[in-house]
Structures are given as structure tokens and as C-alpha cells.
Amino acid sequence: MPDIRSPLRYLWWNARRQSRSLVVGIAFATLWWLVQALVPAVLGKGVDAVRAQDTRALLIWSAALLGLGLVQAFSGIMRHRFAVFNWLSAAYRTVQLTARHAALLGATLSKRLSTGEVVSVGNSDIAHIGHSMDILLRGTGAIVAIVTVTVILLSTSLPLGLLVLFGVPLMALAVGPMLRPLHRRQKRHRDLTGDLSTRSADIVAGLRVLRGIGGEQVFAGRYREESQLVRHAGVSVARVESLLEGAQIVLPGLLVALVTGLGASFAVADEITPGQLVSFYTYAVFLIGPMRTVTEAADRLTKGHVAARRVVRILAIEPEMTGGADAGTGGVLRDSYSGVTVQPGRLTALAAGSPEDAIVIADRLGRYSDGDVTFGAADLATLPIHEVRARILVADNGARLFTGRLRDELDVRGTASDEQLEQALYAACAEDIVEALPGGLDAQVAEAGREFSGGQQQRLRLARALLADPEVLILVEPTSAVDAHSEVRIAERLAKARAGRTTLICTTSPLVLDRTDQVIYVRDGRVHAEGVHRDLLDTSPDYAATVTRGED
């Protein structure tokens with residue numbers, strides 16, 4: 001994990017991780033620029049050889065020019081290869097790092113950041129971070145080339161050399177004031193883009209509901225308003241970038257004009273040779289390339305800094321739930337605050353007067369929120385979090401199906417046999433869903449399983465939970481979206497499928513409660529009654545009112 005205290009430290013960490021390829025790439029980029037910097041000098045020598053009618057010297061300088069061309073071609077190819085390699089390394093290392101941290105955060109991520117914020121990292125930020133690594137190659141080489149040309153000009157003509165020596169820093173200083181507003185506007189544009197991505201994700205996810213209540217136009221209007229804000233922010237960024245691009249042309253052009261004019265006056269006065277004049281003019285034109293690269297480096301590093309700030313924001317989030325290093329042997333799972341006790345090897349039901357109470361208790365038992373929970377003789381908080389996740393599975397209706405083969409979506413570990421898949425589908429009453437698909441278990445599931453109805457998705461999620469076969473399975477309202485006939489079959493088959501293993505079902509359905517070993521009734525977050533379903537109907541009026549909805 002990098003030092004995430006600042007975006008600059010993150011960029012520095014990224015550079016260190018690929019330092020070898022960066023050093024080699026910088027070497028090739030420097031060689032590429034240096035070869036180009038030597039071409040004007042060799043060209044001037046050749047012109048002087050023609051003027052002096054020195055055939056031998058002309059052949060020598062022509063051969064030197066050919067050799068420089070070959071070296072430039074080779075170094076240019078290698079520079080580009082390493083530039084692409086460094087771009088991909090930095091960009092996809094960022095993807096890997098953020099994806100790994102997102103998996104570590106789990107439920108914490110969605111509470112702290114919006115969907116659009118996370119998606120924008122993969123959409124745009126990785127490109128800017130990659131460009132910031134790529135520009136280091138050409139930027140470093142460009143600075144070396146500018147220094148080399150300045151030394152050559154100083155050794156040939158002191159006034160021209162001083163003109164370039166002071167002209168280049170002045171141009172860099174002229175560009176500097178534009179970088180701060182560019183940084184600020186890019187940050188605002190990035191923030192608005194993330195918000196717009198969140199808005200679009202919400203609209204797409206809730207499109208069916210929006211159409212049902214006639215809210216498409218309202219949300220479309222809001223989307224248009226936010227998209228216009230993004231557009232205006234983008235135009236604001238483009239204004240500064242256009243000035244920056246113009247400065248890349250105008251400022252070096254002024255330097256070219258000054259160097260060429262002054263060199264021509266020196267040539268007329270016989271202070272320099274015609275070949276040297278050609279060299280000075282070529283150098284002045286050549287300097288446009290390195291200067292543009294230096295300006296481009298400032299722009300890309302600014303964008304990389306903005307992008308790194310977003311990545312650092314994700315990496316700075318700490319998981320809400322952490323674990324210890326103790327070893328647990330399992331056993332009774334007990335929530336001390338509510339008094340809910342789940343006995344091992346039994347099918348237990350949790351009926352709550354308020355559905356929110358059941359969800360809160362399930363989260364504590366699954367270590368998704370803090371609580372005084374024991375698992376056997378061990379405090380649940382002292383167990384490693386990965387061990388808790390492997391041994392205790394909380395399956396609620398917030399879980400979703402992902403895109404891919406249905407077989408892979410159900411068997412997430414890829415270890416289940418066809419027989420185990422069939423048994424899980426049977427227990428969840430989901431065989432008819434698979435049979436209706438053209439490809440059966442090999443059929444492709446669309447995004448979020450949108451081709452399935454709510455009840456079908458619920459049954460498939462139940463089959464997936466059963467296939468995971470955890471030591472403790474906690475199901476939150478697993479039959480709320482199915483019809484009564486299916487609910488009865490699921491309750492009977494679920495009891496057989498989980499026989500001898502610890503299972504807790506959070507539900508108020510009488511059809512399910514009647515087929516469990518024990519029912520725990522919770523009111524106001526505390527255990528109010530325990531027993532068998534039919535006994536509780538006679539002995540606890542509150543329980544009876546809850547599960548029968550006030551009916552006889």
C-alpha cells in the first residue's frame with residue numbers, strides 16, 4: 001500500500017514501482033532528443049563544406065547525418081515502446097490498487113463514496129495518471145536537449161547562446177501563471193463529472209420504477225441541468241488549455257524569430273559562417289519541439305495530480321470493520337445487545353416487529369456493524385475479518401447478480417459439481433428458471449440480472465448462498481418476492497438442505513416460521529419471546545399480531 005497522505009506521494013510511489021522501465025525509457029528519450037539536437041550542427045558543417053568545396057568533409061558530414069538518422073529512428077521506436085509500457089503500467093496498477101482496496105472496504109465503500117466517483121477513476125483518472133508517467137520520458141529528454149542546444153549556441157556565439165539561455169526560462173515563467181487556474185478548473189470539472197456519472201447510474205438502475213411513476217421527464221431534466229454544468233466546466237478548462245496551446249506556438253515562435261534575425265545580422269557581418277547561420281535557424285526551429293514538450297509536461301502533470309487526488313481519496317478510506325488475529329472454533333453465535341442466540345446445527349428464525357431491527361441484528365451477527373457478538377468462546381471482533389466472511393454469510397436482498405455465465409454467477413468459487421448445482425437450485429425452487437433459459441446454466445446473465453423478475457432473482461440469490469455452504473448462513477427475507485406455493489416448497493427444501501448446519505432466517509412469513517426448529521421474536525431491538533411458531537402464536541399476542549398482520 002502506498003503512502004496515501006498526498007497525491008504527489010502517490011505519483012512518486014507509482015514511479016518507484018516502475019523505476020527500471022522509467023530510467024530506460026528516459027535514457028532512450030534523452031538519446032532521441034540529443035540526436036535531433038546534433039542534426040543542426042552537422043547540417044551547418046555540411047553547408048560550410050559545400051561552400052568550401054571540400055568533398056571529403058562533405059562526405060564525412062553526410063555520413064554523420066545518416067548515422068544520426070538511424071540512431072534517431074531506433075531510439076524513437078524504443079522510446080515509444082517504453083512510453084506505452086509506462087503508461088499502461090501506471091494506469092492499470094492504479095486500477096488494480098483501487099479495485100483491491102474497494103474489495104477490502106466492502107460495504108464501507110458505498111457508504112462513503114458515490115458510484116460515479118469510483119467509476120470515474122476507471123474512466124478518466126487512470127488515463128491522466130498514465131500520461132503523467134509517460135510525459136516524464138519526453139519531458140526529461142526535452143530538458144536535456146534544451147541544455148545541450150544552449151551549450152552549443154554559447155560555444156558558437158555568446159550573444160545567441162545567451163538569448164536562448166534566458167529566453168527559454170522566460171517562456172516557462174510566462175506559462176506558469178496559467179497552471180494554477182487550470183488545476184482549479186480541472187478539479188471542478190472532475191468533481192462534476194463524477195456527480196453526473198452517479199446521476200446516470202441512478203437513472204439507469206431505477207428506469208423501470210421511473211417509468212412506472214411517470215418520472216422520466218423530471219429526472220431527464222435534472223440530468224440535462226447537471227450535464228450543462230459539466231459542459232460549462234469543460235469549456236472553462238478548454239479556455240485555459242487553449243491559451244496554453246497558443247503559448248506553445250507563440251512563445252517559441254518569438255524565440256525563433258529573434259535568434260534567426262540576430263544570427264542573420266551576424267552572418268552579414270561575417271561574425272558567423274553561412275553554415276552556422278543555418279544551424280542557428282534550425283536550432284531555433286528545433287527548440288519549438290522541446291518547449292512544447294515541457295509545456296505539455298506541465299499540463300499532464302497537473303491533470304495527473306488532480307487524478308491522483310481522487311485515487312488517494314479512495315485509498316484513504318479505512319474499513320469500518322476490522323478483525324483481530326485470534327483463532328475461533330465456532331459454536332453458538334450470540335448478539336449480547338438483543339439477546340439473539342443462534343444455536344449450532346439448527347434452523348432458527350428471527351421474527352422482528354420492525355424489519356429494520358432484523359437487518360441491524362443480522363449486520364451485527366455478520367460483523368458488518370459493531371456489536372458485542374460472540375462466536376463460540378471467541379469475541380467475533382477478535383477473529384480475522386476474512387475468516388468471519390468465510391464462516392458467516394449474510395445473504396440479503398441487496399445482493400445482486402453480475403454479468404456472465406449463470407453457472408459462474410451461482411458457483412462463485414468454481415468448485416461445485418453439476419449435482420451440487422442441481423441440489424442448490426432445487427432447494428431454492430429455481431430449476432424452472434434454468435430450464436427456461438436457452439443455454440441453461442451456460443446462459444449469459446445480463447447486467448444486474450435484469451432479464452429475471454424480482455422473485456426469480458431472489459431464488460437465484462438463495463441458490464448462490466446455499467452453494468457457498470458457509471458454517472453459518474443468515475438469510476434476510478429470502479422469500480419476500482415469491483408466491484405462497486413457492487414459499488412453502490422453499491421452506492421445506494431449505495430445512496432439508498441445511499440440516500445439521502447453523503442457519504438463521506430473518507422473516508415474518510408464517511409459512512417459513514412454521515418449518516423452523518426455533519423462532520426468536522424481537523421487539524424494539526430486544527428478544528421478547530422464544531419458542532416454536534405454533535406455541536408462540538398462542539402465548540405471545542405481539543408475535544401473533546406481527547406474523548399474521550392482525551388477521552385471525
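In the predicted model, strand 1 (residues 333–335) and strand 2 run antiparallel and are joined by two bridges. Within this pairing, Arg334 has Thr341 of strand 2 as its bridge partner. Both strands belong to an open sheet of four strands, ordered 2-1-4-5, in which the pairing is antiparallel. Strand 2 (341–342) and strand 5 (378–379) form the edges of this sheet, each pairing on one side only. Helix 12 (residues 355–365) lies across strand 1, strand 2 and strand 4 (373–375). The direction of helix 12 is at about 125 degrees to strand 1.

A further open sheet contains six strands in the order 6-9-10-3-11-12, and its pairing is mixed. Its edge strands, each paired on one side only, are strand 6 (392–395) and strand 12 (526–531). On average, and with direction ignored, neighbouring strands of this sheet are turned by 20 degrees against each other. One of the pairings is that of strand 3 (residues 347–352) with strand 10 (residues 502–506), which is parallel and extends over four bridges. Here Leu347 has Thr503 of strand 10 as its bridge partner. Helix 17 packs on the sheet and touches strand 6 and strand 9, with its direction at about 170 degrees to that of strand 9.

Helix 17 (454–468) and strand 9 (472–476) also take part in enclosing a cavity, each supplying at least two residues of the lining of the largest cavity. The count is one cavity of 30 Å³ or more, and the volume of the largest cavity is about 80 Å³. Its lining consists of Ala395, Asp396, Asn397, Gln458, Arg461, Leu462, Ala465, Leu475, Val476 and Pro478. The greatest contribution to this lining comes from helix 17, with four residues. By class, the lining residues of the largest cavity are six nonpolar, two polar and two charged.

Helix 17 recurs at an open site. The second largest pocket has a volume of about 340 Å³. It is lined by 18 residues, of which Gln420, Leu466, Leu467, Asp469 and Arg501 are the closest to its centre. Helix 15 (418–427) and helix 17 are the elements that give two or more residues to this lining. The lining of the second largest pocket comprises nine nonpolar, three polar and six charged residues.

Helix packing was examined for two contacts that involve helix 11. Helix 1 (residues 7–17) packs against helix 11 (residues 288–315) at an angle of about 95 degrees, and the axes are 8 Å apart. The two helices are therefore roughly perpendicular. From helix 1, Pro7, Leu8, Tyr10 and Leu11 meet Gly304, His305, Ala308, Arg309, Val311, Val312 and Leu315 of helix 11. This contact of helix 1 with helix 11 has eight nonpolar residues, two polar residues and one charged residue.

Helix 10 (residues 274–286) and helix 11 have axes that come within 4 Å and cross at roughly 20 degrees. Helix 10 is thus roughly parallel to helix 11. Ala284, Val285 and Phe286 of helix 10 make the contact with Ile288, Gly289 and Pro290 of helix 11. The contact of helix 10 with helix 11 has five nonpolar residues, one polar residue and no charged residues.

Terms used: Residues are numbered from 1 along each chain as its sequence is written. This is a predicted model: local features need pLDDT of at least 70, side-chain atom pairs count only at pLDDT 80 or more; totals for chains, interfaces and linings use all residues. Side-chain values use heavy atoms; hydrogens and water are left out. Axes are lines fitted to C-alpha atoms, for helices over the stretch in contact, and angles run from 0 to 180 degrees between N-to-C directions. Angles under 35 degrees count as roughly parallel, over 145 as roughly antiparallel, 65 to 115 as roughly perpendicular and the rest as oblique. Contact means heavy atoms within 4.5 Å. Ala, Val, Leu, Ile, Met, Phe, Trp, Tyr, Cys and Pro count as nonpolar, Asp, Glu, Lys and Arg as charged, and the others, Gly among them, as polar. Two strands pair if DSSP finds at least two bridges between them. On a 1 Å grid over the protein atoms alone, a cavity is a set of points where a 1.4 Å probe fits but cannot get out, and a pocket is an open set with protein on both sides within 12 Å along at least five of seven lines; lining residues have an atom within 4 Å of a point. Grid points are joined across faces, edges and corners, and a volume is the space filled by probe spheres set on the points.
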